[in-house]
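Here are a few notes to help you find your way around this structure. Keep the view open and follow along point by point.

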Amino acid sequence: MRRVAPLVVALIACALLASGCGRPVAVRWANASSPLTPASPEQSRTEPPSPAGSRLHSPSPELGHTSSPATSGPAARTGPSAASSSGPAAPGTSTPPAPPAAPIPATGRGPGGSITNTGTDAVALTFDDGPDPQYTMQLLDLLKEQGVKATFCVVGFRVRSHPEVVRRIVADGHTLCNHSWQHLDLSKRDDNYLAGDLQATNDAIHAAVPDAPIEYFRAPYGNFTPGMVRLATRMGMKPIYWSVDDQCWMSSTYGTGPAMIDHIATMVRRGTRPGGIILSHDMGKPQTIAAYRSLLPWLTSRFHLEALPTDQPHRSGQEPR
Ligand SMILES: [Zn+2]
């Protein structure tokens with residue numbers, strides 16, 4: 001009997017282990033779903049929800065862009081698969097930041113036939129919805145410190161209120177982009193309205209800086225239509241979309257403060273590739289400024305950053321580049 005008792009105990013133990021096989025399977029499944037372990041709250045945040053999809057959401061009161069890279073074209077590559085193909089994780093983060101090598105295809109197009117890439121290996125930072133007398137100025141200081149030129153997509157009525165900020169943008173050698181008069185969804189407006197809106201915005205910019213080149217247009221919310229693209233082109237402006245959306249406007253999903261700073265940095269690190277155009281916002285967005293404080297050194301060590309090029313030279317008090 002002394003030999004039988006341990007045998008029985010061993011059999012019972014084996015039976016218990018066998019019945020618990022679900023657990024290891026469950027752990028394996030969890031790891032397979034996320035190649036980066038352990039799964040952190042930030043990882044789950046960076047998997048974009050699939051907003052029901054269409055890029056033509058109702059505009060939110062928050063000035064931002066309703067398109068998500070997961071659903072609106074070339075920026076879909078900012079998802080977890082891009083992250084899993086990159087290099088070793090930086091200390092203290094679970095997000096490998098090394099950039100994918102393949103450039104954004106120069107032939108890629110966004111909504112309405114808009115442009116999603118620089119056409120070269122250069123990466124363009126674009127900041128929308130300003131000018132903001134506080135945060136645009138802070139961003140300009142930061143860009144100057146880091147020796148980086150960018151593109152500012154400005155809103156007409158704010159240009160009229162803060163012409164001094166636009167003068168500083170041009171004086172610092174950045175590129176201007178028309179972002180409409182008051183950030184309405186223009187996709188359902190007729191050509192007359194559209195032409196008046198875009199011209200009023202250009203007039204406000206030229207009232208601030210008379211000879212500033214305005215060779216780019218970005219539709220509010222990225223809601224380009226083919227007609228809008230044709231009209232902007234006739235007015236001498238290239239329609240620019242983006243390849244990376246930092247999602248700073250999705251504070252209801254990703255949070256504010258440090259959480260949003262992390263999210264912006266993660267989206268930009270994951271999505272930036274040679275030739276890319278990065279969508280960010282300076283209007284009322286202190287998190288953007290904070291995120292770019294760490295992003296700029298990271299970006300400049302990996303990519304050539306440039307202001308979108310203009311055919312017409314800047315002539316208004318521009319400092320030499
Ligand atoms: Zn905007």
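1. A good place to start is Leu176. In this predicted model, setting aside residues up to four places away in sequence, Leu176 touches Phe152, Val154, Ile169, Val170, Ile205, Ala212 and Ile214.

2. Leu176 also belongs to the largest nonpolar core, which has 66 residues. Along with Phe152, Val154, Val166, Ile205, Ile264 and Ile278, Leu176 is among those that touch the most other members. The largest share of this core, 6 residues, is supplied by helix 11 (residues 257-271).

3. Now look at helix 7 (residues 163-171), where the buried residues are Val165, Val166, Ile169 and Val170. Why do they sit on the same side of helix 7? They span an arc of only 140° around the axis, and that places them on one side. As a reminder, an α-helix has 3.6 residues a turn, so residues three or four places apart point the same way. The cover over the buried residues of helix 7 includes helix 5 (135-146), strand 2 (151-154), helix 6 (156-161), strand 3 (175-178) and helix 8 (191-208). Just after helix 7 comes Gly173, with a positive phi of about 90°.

4. Stepping back, the chain holds 12 helices and 7 strands. Of its 321 residues, 45% are buried. Among contacts with a separation of 6 or more, 76% are between residues 24 or more positions apart.

5. For the sheet, trace the order 5-4-3-2-1-7-6: it is an open sheet of 7 strands with parallel pairing. Strand 5 (238-239) and strand 6 (244-245) are at the edges with a single partner strand each, so each has one side without a neighbour in the sheet. Strand 5 pairs in the parallel sense with strand 4 (residues 214-217) over 2 bridges, and Pro239 of strand 5 is the bridge partner of Phe217.

6. Strand 7 (residues 277-281) deserves a closer look: 5 of its 5 residues are buried, so it is largely enclosed by the rest of the structure. Which residues lie on each face? Ile277, Leu279 and His281 are on one side, with Ile278 and Ser280 on the other, and both faces are covered. This fits the general pattern that side chains in a regular strand alternate between the two faces of the sheet.

7. Finally, see how strand 7 is paired. Strand 1 (residues 124-128) runs parallel to strand 7 and pairs with it over 5 bridges, while 2 bridges join strand 7 to the parallel strand 6. Ile278 is the bridge partner of Leu125 and also that of Val244.

How values were computed: Residues are numbered from 1 along each chain as its sequence is written. This is a predicted model: local features need pLDDT of at least 70, side-chain atom pairs count only at pLDDT 80 or more; totals for chains, interfaces and linings use all residues. A residue is buried if 20 or more other C-beta atoms lie within 10 Å of its own, exposed if 12 or fewer, and partly exposed in between; C-beta atoms are placed from the backbone. Helices (H or I, at least four residues) and strands (E, at least two) are DSSP runs, numbered from the N terminus. The arc is that of the directions from the helix axis to the C-beta atoms. Two residues are in contact if their C-beta atoms, placed from the backbone, lie within 7 Å. A nonpolar core is a set of buried Ala, Val, Leu, Ile, Met, Phe, Trp, Tyr and Cys residues joined through C-beta atoms within 7 Å. Two strands pair if DSSP finds at least two bridges between them.
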